[in-house]
Each structure stands twice: as structure tokens, then as C-alpha cells.
Amino acid sequence: MATISAPARPEPAHTKKAAPKRGTDTPFKRRLPLLPALLFVVAVTQLPFVLTVFYSFQSWNLVRPGSRHFVGLQNYIDVFADSTFLGALLNTVVLTVVCVFFSLLLGLGLAILLDRKFLGRGVVRTLLITPFLILPAAGALLWKTTMFDPTYGLLHFVFGTDVDWLSEFPLAAVMAQVVWQWTPFMMLLILAGLQSQPKDVLEAASVDGAGRWRTFTAITLPHLSRFLQLATLLGAIYIVNSFDAIFLMTQGGPGTASTNLPFYIYQRAFQGFDIGQSSAMGVIVVILTMIVATFALRLMFRTFSVQGGAK
Amino acid sequence: MKSRFGPGALTVATWVIAILFVFPLLWMILTAFKQEADAYTDPPRLFFTPTLDQFAGVLERGFLPYLSNSAFVTVVSTLFVLLLGIPAAYALSLAPVKGTSNALGFFLSTKMLPIVAAIIPLYVISQNTQLLDNVWALIILYTSMNLPLAIWMMRSFFLEVPHEMIEAGRIDGATLPILLRKIIMPVVAPGVAATALICVIFSWTEFFYSVNLTAARAGTVPVFLVGFITSEGLYWAQLSAAALLASLPVMIVGWIAQNHLVRGLSMGAVK
Amino acid sequence: MRKAAALLAVLLLTLTGCAGAGALGTGDRTLVVAIVANPQMKDAIELSGEFEKANPGVSLKFVSLPENQARAKITASTATEGGEFDVVMISNYEAPQWAANGWLENLGPHIAANPSYDADDFIPSIKESLSHNGSLYAVPFYGESSFLAYRKDLFEQAGITMPAKPTWTQIAEYAAKLDDKAKGIAGICLRGKPGWGESLAPFTTVANTFGAQWFDKDWNAKLTSPEFKAAAEFYVNLVRNHGEVGASSAGFSECGTRYTQGQAAMWYDATVMAGTNEDPSASKVVGKSGYAPAPVEKTQASGWLYTWALAIPKVAKDKEAAFKFMAWMTDKAYVQRVAQEFGDWNRVPPGVRKSTYDIPQYREAAKAYAQPTLDGIADADQRKAMANPVPYPGIQFVGIPEFQDLGTRVSQQLSAAIAGQITVDEALKQSQEYAQTVGKSYQEVQ
């Protein structure tokens with residue numbers, strides 16, 4: 001008896017698991033639905049990863065044929081000694097932390113504004129989610145040309161200065177674009193959280209005479225904690241890998257001021273054609289991310305469950 | 001609600017903030033209707049004679065094949081994600097076994113490899129499997145890219161299904177597919193819809209793989225857009241038109257489905 | 001809902017089948033052409049329907065990308081012999097190296113089989129830069145050197161006359177005089193965008209004419225030599241003081257925008273810029289520019305030599321058809337087609353065929369820049385543009401495979417110096433380190 005059978009069966013199969021005690025359901029059968037997805041992901045992600053590790057132990061310049069040879073850990077040593085790599089690492093951390101924080105904050109603010117009935121609420125919500133729906137590539141180009149251009153851009157028009165934002169504040173410019181793109185996502189998640197608050201609790205609070213601020217801190221925020229956690233985690237995962245904005249707006253410049261790790265890896269692989277080093281960097285990033293994520297997850301779960309997040 | 005300024009003022013403030021926030025987007029839409037000369041003005045020009053030339057130019061450059069490639073890749077990969085992900089989410093939520101959290105952790109960890117680092121191996125693999133410049137390469141990659149997120153999201157929706165309903169179903173002797181279809185899905189449908197929508201957004205807008213692993217035949221919409229950035233000449237108005245057309249399908253889908261999105265996410269998005 | 005999804009899927013499958021998502025052949029041979037998204041190439045794409053009509057059974061698919069991406073894709077594909085492309089657009093940087101690596105098809109036999117193609121009509125220096133062992137491995141589409149565009153009207157107003165062979169010192173002087181920040185006019189526009197083909201191209205020519213070089217004959221890196229330092233300081237200071245706003249991210253297209261919109265008094269860049277400068281649909285300064293030869297200091301000339309050319313990867317399947325297309329795009333009749341179709345002789349690809357310059361209509365329409373272009377290309381020779389001999393080919397680039405990487409990293413340092421984030425000395429010091437690593441690997445081989 002199959003746990004995954006042809007979907008068009010009209011009657012429940014006469015199966016041995018008629019008595020649905022958890023005991024007769026063997027662990028294997030319970031795992032079975034998981035297997036297709038698991039195997040698929042393993043095949044598609046681990047094979048390239050293994051190859052990446054393999055390449056990381058070689059010195060290989062794609063455009064100098066015959067230069068490929070085994071060098072052990074030399075690539076890793078070179079990577080850590082590369083000041084640009086460390087700079088890119090710093091930029092990545094700054095970018096992620098700042099963007100997640102600000103988009104969360106803005107998202108929270110917008111969600112609160114949206115969490116009431118008012119004229120045209122649907123339209124406003126539609127408008128506000130749109131930055132997340134346009135192609136990040138389109139968004140990056142949009143900001144580069146219509147906002148940041150020192151002569152023809154809107155910021156120049158509004159502030160009247162000749163500041164070349166992309167040259168003088170490259171990382172900040174990229175962060176502005178990323179925050180703009182991700183705020184709607186945060187806003188939606190938080191809005192979902194706000195709208196799923198148990199209404200009776202809120203009513204009880206207002207009956208008890210609790211002010212808006214008090215209600216917010218004592219009831220809403222704890223309820224939102226799960227949503228904030230998810231938003232932070234998801235946002236961080238995607239923002240760490242930000243590539244489009246940097247590639248299309250600043251190309252990591254000037255110099256390497258706005259280079260983050262994904263972009264630096266791309267440069268070494270596709271402009272330098274140094275496959276060994278870029279693979280080594282990829283492996284290092286995986287390890288670092290896993291370490292950070294493990295700590296962050298533990299920290300978050302501990303903090304929020306102590307505060308008694310809603311079950 | 002004791003508000004100092006009254007609901008009216010708050011509404012106005014909300015509107016103003018919303019318009020300010022999306023202003024770059026509104027400007028892009030405006031620019032799409034300009035001639036190039038009107039796009040490069042200082043100060044920026046608000047009034048001008050609109051033209052549809054840029055849109056015509058975009059379509060002339062062969063936008064439609066890229067559009068249909070994107071649509072194909074997005075829809076098929078999302079279907080695959082649902083096909084693989086729903087049973088997996090079920091197993092990880094309603095039928096947990098030892099090792100569940102490991103599996104979850106594993107799925108999440110696959111998102112930690114910067115996709116940039118894997119591109120050369122992927123390129124080499126695609127070459128050897130004849131999948132270079134082929135939509136199926138993208139479909140496979142996007143499916144695996146979105147599965148972890150989809151499984152995680154759907155798992156938490158599944159956790160919302162009342163235990164009694166499932167037990168009742170099991171007692172009646174339902175197999176997994178029946179259980180899923182008749183009992184669980186109706187409850188989690190908005191959540192699944194939300195998940196599918198997120199997958200659609202991420203697949204449609206994915207830039208890196210599509211630009212590097214496709215060429216002429218399997219190019220998707222981001223590839224088309226990038227071709228507009230020319231090293232020489234003026235191009236902002238055409239680019240705006242292209243960006244608008246490129247984003248329109250997902251924008252429309254998102255607008256229509258935003259209720260599902262919010263409702264789905266609010267059904268206990270995190271456990 | 002499932003039925004709807006299935007229906008949708010079927011619909012899309014059919015749609016994509018029609019759009020050619022797979023390689024569902026209809027018996028047609030499809031040529032995939034990878035090119036760089038410059039205006040002249042875009043014109044070729046528009047005209048390509050004519051080729052398809054004249055050659056039924058062959059259909060063309062173009063992959064057109066901005067320069068950096070096009071390079072990355074084409075290089076990755078050719079180096080790994082991926083076979084995605086039947087025709088690739090490369091430059092005189094890649095051609096000799098890739099020919100030596102055996103990655104490109106030798107075009108000699110194809111050309112010999114087509115006498116009307118007349119490869120001898122190609123300008124000699126351009127032809128040579130694409131050859132290996134005496135045989136052409138890529139056919140040039142357009143060629144360029146570099147020169148200085150200047151606004152004759154602004155010069156007249158300020159009472160300055162441009163000498164026939166200006167020096168960089170003189171140019172710096174003029175830039176200072178004409179720099180008008182109040183009116184938003186920069187004295188000169190120079191590239192500052194990172195990229196070995198972006199800022200490093202004009203910069204290296206400046207370094208050459210200041211007597212500097214990247215490596216000496218023994219592969220010692222010379223980026224901290226007094227000459228190189230003088231050149232770097234000159235370039236960086238000129239751009240910072242009298243250059244365009246946003247210089248550190250300004251490439252060819254950004255400078256082009258500034259100059260054609262009237263916001264720069266001078267612009268030192270590729271000779272192809274003249275096409276856009278004199279295009280009434282894009283430029284506000286048509287007819288106002290003079291073109292002076294690339295400024296010099298210690299050398300006879302300093303213009304660079306560059307050409308975008310078409311080649312066939314060795315692993316391409318249909319080489320006959322590929323060459324037919326390449327021949328169509330680079331033969332003598334092509335310029336006539338462009339002029340006819342677009343009604344503007346300024347749009348024809350310049351700098352490759354001597355016969356183009358013999359056409360009276362072309363000489364008339366391009367009279368401001370045709371001769372300076374030819375002169376620039378003729379003078380683009382290491383012996384004329386450099387003060388000392390070097391162990392590598394190339395004027396504005398170092399013709400070794402590592403240069404893409406090295407050049408990009410050095411140009412990033414330069415761009416940071418232009419943005420004022422680091423000093424010129426710091427930029428040169430770091431660049432010297434990068435260059436020394438590369439130089440060492442060549443010293444070991446010697």
C-alpha cells in the first residue's frame with residue numbers, strides 16, 4: 001500500500017493502516033512524502049557544492065589553459081590575506097544588518113498605518129507592495145538613473161545639490177535601494193501578524209483602559225514576535241545574497257567600496273576567471289553563514305520564547 | 001481611539017507617505033512614455049508629449065519570446081515546488097519523525113551557499129547534460145531554490161490544521177492523498193496560495209542564473225532587460241518601458257492575489 | 001483549480017514551443033550570435049532580416065549584452081568550449097590569445113574561398129591585430145582609435161585655438177579655462193569607471209605618452225615608477241579638478257551623455273564617439289565639435305587601437321553558415337546597406353575598410369572626423385605610442401590573459417582615487433602588488 005498513490009482514486013484504499021494508531025505507521029512510511037523533495041534538493045544543491053569544494057583546492061585560471069593544478073589549502077590562505085575579501089565581508093555584514101533593520105522598521109510603520117479601515121486602503125496597500133513585485137534588476141536600474149544621477153536624477157532635483165550619490169555614498173545608495181525593495185515584504189508579513197491578533201484580547205485591553213502604546217507593547221509586539229522572527233530570517237537570507245543592486249548600480253565601486261561577498265565572488269569568477277579562489281570564497285561564505293545563522297537562530301528563539309510569545 | 005489628529009489627518013498622512021514611497025516607481029511609469037530627449041532633462045520634466053514609441057521599440061526587440069519563457073519557467077517551477085513541497089511539508093508537520101528538525105535545518109542550509117559561488121560548477125554541469133541555454137535548467141534550479149522556503153512556509157500552515165480533523169480522517173481510513181486533498185488543503189489553501197505567489201515572484205525576478213546560464217533560446221525577462229543597458233547612447237526611456245512591461249505580469253498577479261497573500265501569511269506563518 | 005493549472009500549463013507549453021524554448025527544429029539552421037550592445041551592432045540586428053531573406057533556411061538569434069557581461073559570457077563559453085554560440089564578438093585583445101589557445105576557427109580558408117570579400121581592404125593595423133601566424137581569426141566589424149573631441153564654439157568664446165598636435169599639458173590648461181561649474185560645464189570628460197576596458201583604456205594611453213609602462217622587458221611591474229606616478233597623478237587630478245561630476249563611475253556612455261547634452265567642453269575617448277556626437281536624434285551639439293589627435297607628451301602619438309570583431313568558436317556546429325553571416329556583416333556592401341536603411345552615413349561602422357573612406361557621401365557626412373579617425377588608427381602602433389619596448393602586445397591593454405583580472409583590479413584602485421577615497425600613492429602601491437604577482441608568473445616561464 002502506497003502512501004503516495006495515483007490521485008484519482010475514488011475510495012480510500014483498503015489499507016492495513018485502517019487503525020491509525022501512530023505506532024503502526026512506520027517511520028519510513030512517514031518519511032516517504034518527504035523523500036522526493038529531499039532527494040531533489042540534495043541532488044541539485046549538493047552536487048554543485050561538492051564541485052565547488054573540489055575546485056577550491058585547485059589553482060585554475062579559466063583563460064590560461066594548462067594552468068590548472070592542485071594546490072591544497074593555498075587558495076584559502078590567499079583569500080584570508082586578501083584585504084578586499086575582508087572589506088567585502090564587512091560590507092556584507094553592514095548591508096545585511098542595516099537593510100534588514102530598516103526595512104523591518106519601515107515595514108512595521110507602514111503595516112501599522114494600514115491596519116485600520118480608511119478611504120482607499122486597498123489602493124494604498126496595492127501601491128505599497130509594488131516595489132517588491134518589480135524586478136530587482138529593474139528597481140536597481142531605476143534608482144541608478146532616475147534617483148541617483150547627479151544631473152538628471154530626482155534627488156538632485158529635490159535637494160539641489162550636485163552630489164554624485166553613487167560615488168560618494170555607494171554602500172548607502174545600495175542600501176537605500178534594497179530597503180526600498182524589501183520593505184513591502186516585511187510590511188506584508190507584519191500586516192498579516194497585526195490582522196491575526198485575537199480581537200477579543202484587544203477589546204479586553206481597551207475596556208480595561210489600556211492606552212494605545214501600552215496595548216502595543218504588551219499585546220501586539222509579543223504576538224508579532226513570530227512574524228518579526230520570520231521576517232528577519234527570510235530577509236537576512238535573501239539580503240545577504242544581494243547581487244542585482246550592486247551589479248547594476250555601482251559594480252562594487254568606487255574601488256571596492258560597495259563590493260559585497262556575492263559580487264566579489266562573481267568578479268573573481270567572471271572577470272578574473274580565477275575559479276580556484278572564487279570557489280574557496282564560496283565555501284568560506286557557506287561556513288560563515290551557517291555559523292552566524294546557528295547562533296542567530298538560537299539567540300532569537302531564546303529571546304522570544306522567554307518573552308512568552310503567543311502560542 | 002484617542003488620536004490627537006483625528007482619523008482624517010491620519011488618512012491623508014498615510015496617502016502622502018504611500019505616494020512618496022512609491023514615487024520612483026511612478027516616475028518610471030511616467031518616463032516610459034517619454035522620448036529619450038525628455039528623459040534626460042534637468043530639472044526633471046513632468047509635462048511632455050507622451051508617446052508609445054518606447055513600448056513599440058521594446059516589442060520590436062522581441063520581448064514576447066522572453067516573456068513566454070519567463071512565464072513557462074515560473075509556472076512549471078512553481079507547480080513542481082507545490083508537487084514536491086506539499087508532501088514534504090506534511091511529513092515535517094503532521095507526521096514528524098526523529099530527524100525532522102534536521103531535515104528542516106538542511107533545507108534552510110541550502111540557501112546559504114551564495115548562488116554566485118556555484119555558478120561555474122553549474123555551468124560545467126549544464127554543459128555536460130546539454131542543458132545550457134535550456135529552460136529546463138532554470139526550472140530545475142528555481143524549483144530547488146524555492147523549495148526550502150515553500151516547505152517551511154507550508155509546514156507552518158499545516159500546523160494550523162486542527163488535530164481532530166486529521167485524526168477523524170485517519171480513523172476513517174483515508175490515505176495520504178485523500179487526507180491532503182479533502183481535509184488539509186481546504187484549510188491551508190490560502191497559505192498554499194501565498195506560498196505559490198512568493199515562488200512566482202522569486203522565480204520571475206531571478207536574475208543571476210538566468211543571465212549566466214541562458215543565451216538566445218531560453219532567455220527570460222531579466223536577460224531581456226539587461227540587454228537594454230547599452231554602453232553607448234541614451235536609453236532611459238526605453239529602459240523604463242521595458243522595465244514596466246517586464247514587471248507588469250507579476251505586478252498584476254500580485255495585486256490580484258494580495259488578499260490571499262495577507263490572509264495566507266496571517267494563518268500562523270511561523271511556528 | 002488543478003484543472004485550471006493543468007490547462008494553463010498546456011497552454012504555456014504550446015506557447016513556448018512556438019517561442020522556441022527548446023531546440024525544436026523546423027529544419028532551419030539557427031545561428032546564435034553573441035554581440036555587444038553598442039549602437040552599430042543594434043543597427044546590424046535591425047538589418048539582419050535582410051540576411052535571413054537572402055539565405056532561406058538560416059535563421060538568426062542574437063544575444064546582445066552590455067560590454068562587461070558580453071565579455072564574461074563569451075569568455076566563459078569559449079574557454080569551457082560550451083558551444084552555445086556560433087558567432088562571437090570579441091576584440092583585438094582576445095583574438096590573438098584565443099587563436100593561440102586553439103579556441104577559434106581559422107578564417108583564412110573561408111576568406112580564400114570568397115574572393116569578393118576582399119580581406120585586403122581591411123586597414124592593415126586592424127587586420128594584423130586580429131591575426132595569428134599570418135591568418136585572420138576574427139573579422140573586424142568596426143575599429144577605433146582614440147582622439148579628443150572639443151567644442152569649437154566654446155573654444156572660440158574663450159579665445160583658445162586648438163593646436164594641430166596638442167599636448168596633455170596644454171589640454172589641462174584649456175580644461176581649467178573652460179571649466180564652468182556655475183553653468184554645469186566640465187572642462188573635460190574622462191572615463192573613471194572601473195573596468196580594464198573602461199577607465200584603464202584612456203588612462204593607459206596617458207601613461208604611455210608620459211613615458212611609463214606596465215611591465216618592462218623583463219616582466220618587472222612598473223606601476224610605482226616616477227613616470228607612471230606622474231601620469232596617474234595627472235589623470236586623477238585633471239578629472240577631480242576639471243572633470244565631470246560622478247567621474248568615478250563614468251564610462252563611455254555616461255561621458256557620451258554629458259558631452260552630447262552640452263555639459264563638457266572636451267572629451268577624450270574612442271573615435272566612434274563621433275557617430276553619436278553628430279547624430280541629431282541624440283545629440284544637442286551636432287556640428288559643433290572639432291576632433292584633435294590624442295594628446296601626447298613624450299611620444300609621437302598616443303591613440304589606442306581597438307576593434308570589435310566577429311569570430312567562430314572552434315566547437316561551433318555550422319561554420320559555413322556562421323562565416324556567411326559574418327561576411328555579410330563585414331563586407332563592403334554592408335556600409336551601403338546601413339546608409340540606405342537609416343539614411344545617415346554617420347551610422348556606418350567606421351575604421352575597418354579602406355573602401356568605406358573612399359565613398360564620397362561618407363567623406364562628406366563624416367568630414368569632421370573621418371580623417372582624424374584614419375590617422376589615429378594608422379598611428380596606433382606600439383613604436384609610436386610608447387616610449388620603451390614592452391614584452392606584450394596591446395597599446396591600451398596588456399595582451400595577456402591575466403589582464404582582464406589585473407586591469408579590473410587596478411582600475412578599481414584608480415576609480416577609488418578619483419572618488420577621493422584613497423590617495424594616488426595608495427592606489428599605485430596596491431596596484432603594483434597585483435601586477436607583481438602577475439609579472440612573477442611570466443618571469444618564471446622565461
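# Chatting through chain C and its neighbours

Student: Before I dig in, is this model predicted or experimental?
Tutor: It's a predicted model.

Student: OK. How many helices and strands are there in chain C?
Tutor: Chain C has 19 helices and 10 strands.

Student: And what does the C-alpha trace of chain C span along its principal axes?
Tutor: About 70 × 60 × 55 Å. The radius of gyration of chain C is 23 Å, and a compact globule with 446 residues would be near 22 Å, so the two agree.

Student: What percentage of the residues of chain C count as buried?
Tutor: 55% of the 446 residues. On the contact side, take the pairs in chain C with a separation of 6 or more: 75% of those contacts are between residues 24 or more positions apart.

Student: Switching to domains. Which domains does the assignment give for chain C?
Tutor: Domain 1 is 28-137 + 306-361, and domain 2 is 146-305 + 388-445, going by the domain assignment. Their C-alpha centres lie 28 Å apart.

Student: How many residues are in contact between domain 1 and domain 2 of chain C?
Tutor: 14 residues from domain 1 of chain C meet 15 residues from domain 2 of chain C. On the domain 1 side, the elements that give two or more residues are helix H3 (67-79), helix H4 (94-101) and helix H6 (124-129) of chain C.

Student: What classes do the residues on that domain 1 side, touching domain 2 of chain C, divide into?
Tutor: Five nonpolar, seven polar and two charged.

Student: Now the end of chain C. At what angle do helix H18 and helix H19 of chain C pack?
Tutor: About 175°, with the axes 9 Å apart; H18 covers residues 403-418 and H19 covers residues 424-445 of chain C. Angles over 145 degrees count as roughly antiparallel, and H18(C) and H19(C) are therefore roughly antiparallel to each other.

Student: Which residues make that contact?
Tutor: From H18(C), they include Leu406(C), Val410(C) and Leu414(C), and from H19(C) they include Val424(C), Tyr434(C) and Val438(C). By class, this contact has 10 nonpolar, three polar and one charged residues.

Student: Backbone stuff next. What's with phi of Asp118(C)?
Tutor: Phi is positive there, about 55°, although Asp118(C) is not a glycine. Asp118(C) sits in the loop between helix H5 (108-112) and H6 of chain C. It's partly exposed, because it has 14 other C-beta atoms within 10 Å.

Student: And what is phi of Asn133(C) near?
Tutor: Near 50°, again a positive value in a residue other than glycine. Asn133(C) is in the loop between strand S4 (131-132) and strand S5 (135-136) of chain C.

Student: Is Asn133(C) buried or exposed?
Tutor: Asn133(C) counts as exposed, because it has 10 C-beta neighbours inside 10 Å.

Student: Let's leave chain C. How many residues does the contact take from chain B and from chain A?
Tutor: 82 residues from chain B and 85 residues from chain A. On the chain B side, the largest share is 14 residues, from helix H13 (residues 236-266) of chain B.

Student: What does the side of chain B that touches chain A have, by class?
Tutor: 63 nonpolar, 15 polar and four charged residues.

Student: Last one: where is Ala293(A)?
Tutor: Ala293(A) is in helix H14 (residues 275-306) of chain A. Ala293(A) counts as partly exposed, because it has 19 C-beta neighbours inside 10 Å, and buried would take 20 or more. The C-alpha atoms of Ala293(A) and Leu233(A) are separated by 8.7 Å, and the two residues are 60 residues apart along the chain.

Terms used: Residues numbered from 1 in each chain as written. Chains lettered and ligands numbered in written order. Predicted model: local features only at pLDDT ≥ 70, side-chain atom pairs only at ≥ 80, totals over all residues. Axes fitted to C-alpha atoms, helices over the stretch in contact; angles between N-to-C directions. Helix = DSSP H or I, 4+ residues; strand = E, 2+ residues; numbered from the N terminus. Parallel < 35°, antiparallel > 145°, perpendicular 65-115°, else oblique. Contact = placed C-beta atoms within 7 Å. Nonpolar A, V, L, I, M, F, W, Y, C, P; charged D, E, K, R; others polar. Domains from an automatic or database assignment. Buried ≥ 20, exposed ≤ 12 C-beta atoms within 10 Å, placed from the backbone. Rg over C-alpha atoms; globule rule 2.2 N^0.38 Å.
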